Amino acid sequence: MKPVVFLNFKSYPQAAGKEGLELAQTALDVAEEHDVELYIAPQLVDTSMFCYSGIPVFAQHCDPVIGNGGTGKISMETLTKLHVKGLLINHSEYPQGVEEILFLVSEARRRGLKSCVCIPDEKLLEALRNSAPDFLAVEPPELIGGNISVSSAKPELLSSVFGFVAVNMRSTRGICGAGIKSAEDVRKAKALGAAGVLVASGYVLADNPRRALEDLVSGFG
Ligand code: G3P
């Protein structure tokens, strides 16, 4: 199976609108050259534009909206209509409750969408054991946006979560994010059992995003 990379554009103005589309296209070129499975999580306001441009999109967030009364919410029905590939769920910058997470994972599956549940630590593992998201992403919030990667700072956490996933969540791929900025960070993550990485600042804020991504994905080799 190809290694997977998620690029989260968060709310970075550098990755909004047309500039965001260009960043996404550059990333797709790199992913194709290096045989990597790539998903882009554009800013929510850009979701439809990215989908219509043929970018493989994971929505940064989804609300459990059913029926009327959804002002300001992101409904799965709409995301399905836009043909997103999947959903990021419970990102630490947009946390969600356990019931909501479980509902979103199973509803996404029912609709043919993938899901990626983010967890800051091991606390949610038992609750997620039978939920089978496509991806489980370990992201300690204190390392997000920094220069020390999760794979350098928390190797025990990663091997413990990936071990749990391998035994108890066999259809789920364990990945990690936070501070991933170099090939070495990716190499360490892979050695600890990661099937891929989630990256934001290491790509969006890089002086040369293409070179930064090429360096990152070389860590899977
Ligand atoms: O969703 C990925 C993100 O939270 C990691 O951010 O900037 O540490 O790569 P960053």
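This is a short tour of a predicted model, going from the whole chain to the ligand and then to the largest pocket.

**The whole protein**

Start with the cartoon view, where you'll find 10 helices and eight strands. Turn on the C-alpha atoms: along the principal axes they fill a box of roughly 50 × 40 × 30 Å. The radius of gyration is 16 Å, which agrees with the value near 17 Å for a compact globule of 221 residues.

**The ligand and its shell**

Next, select the ligand and show what surrounds it. Asn 8, Lys 10 and His 91 are there, along with Glu 139, Ile 144 and Gly 145. Add Ala 178 and Gly 179, then the run Leu 198, Val 199, Ala 200 and Ser 201, and the shell is in view. By class, that shell has five nonpolar, five polar and two charged residues.

Now zoom in on the ligand's oxygen atoms. Which backbone atoms should you pick? Try a backbone N or O of Gly 145, 2.7 Å from a ligand oxygen, and a polar backbone atom of Gly 179, 2.8 Å from a ligand oxygen. For a side chain, go to Glu 139, where an N or O atom sits 3.0 Å from an oxygen of the ligand. Switch on a surface here: on its own the ligand has 310 Å² of accessible area, and the protein covers 100% of it.

**The largest pocket**

Last stop: the largest pocket, with a volume of about 220 Å³. Select its lining: Asn 8, Lys 10, Ser 11, Gln 43, Leu 44, Gln 60, His 61, Leu 88, His 91, Glu 93 and Tyr 94. Colour these by class and you get three nonpolar, six polar and two charged residues. Keep Asn 8, Lys 10 and His 91 highlighted, since they belong to both this lining and the ligand's surroundings.

Note on methods: Residues numbered from 1 in each chain as written. Predicted model: local features only at pLDDT ≥ 70, side-chain atom pairs only at ≥ 80, totals over all residues. Heavy atoms only, no water. Near = heavy atom within 4 Å. Polar contact = N/O pair within 3.5 Å; in protein donor to acceptor, adjacent residues only side chain to side chain. Areas by Shrake-Rupley, 256 points an atom, 1.4 Å probe, with all protein chains shown as cover. Nonpolar A, V, L, I, M, F, W, Y, C, P; charged D, E, K, R; others polar. 1 Å grid on protein atoms, 1.4 Å probe; cavity = no way out; pocket = protein on both sides within 12 Å on 5 of 7 lines; lining within 4 Å. Points joined across faces, edges and corners; volume = space filled by probe spheres on them. Helix = DSSP H or I, 4+ residues; strand = E, 2+ residues; numbered from the N terminus. Rg over C-alpha atoms; globule rule 2.2 N^0.38 Å.
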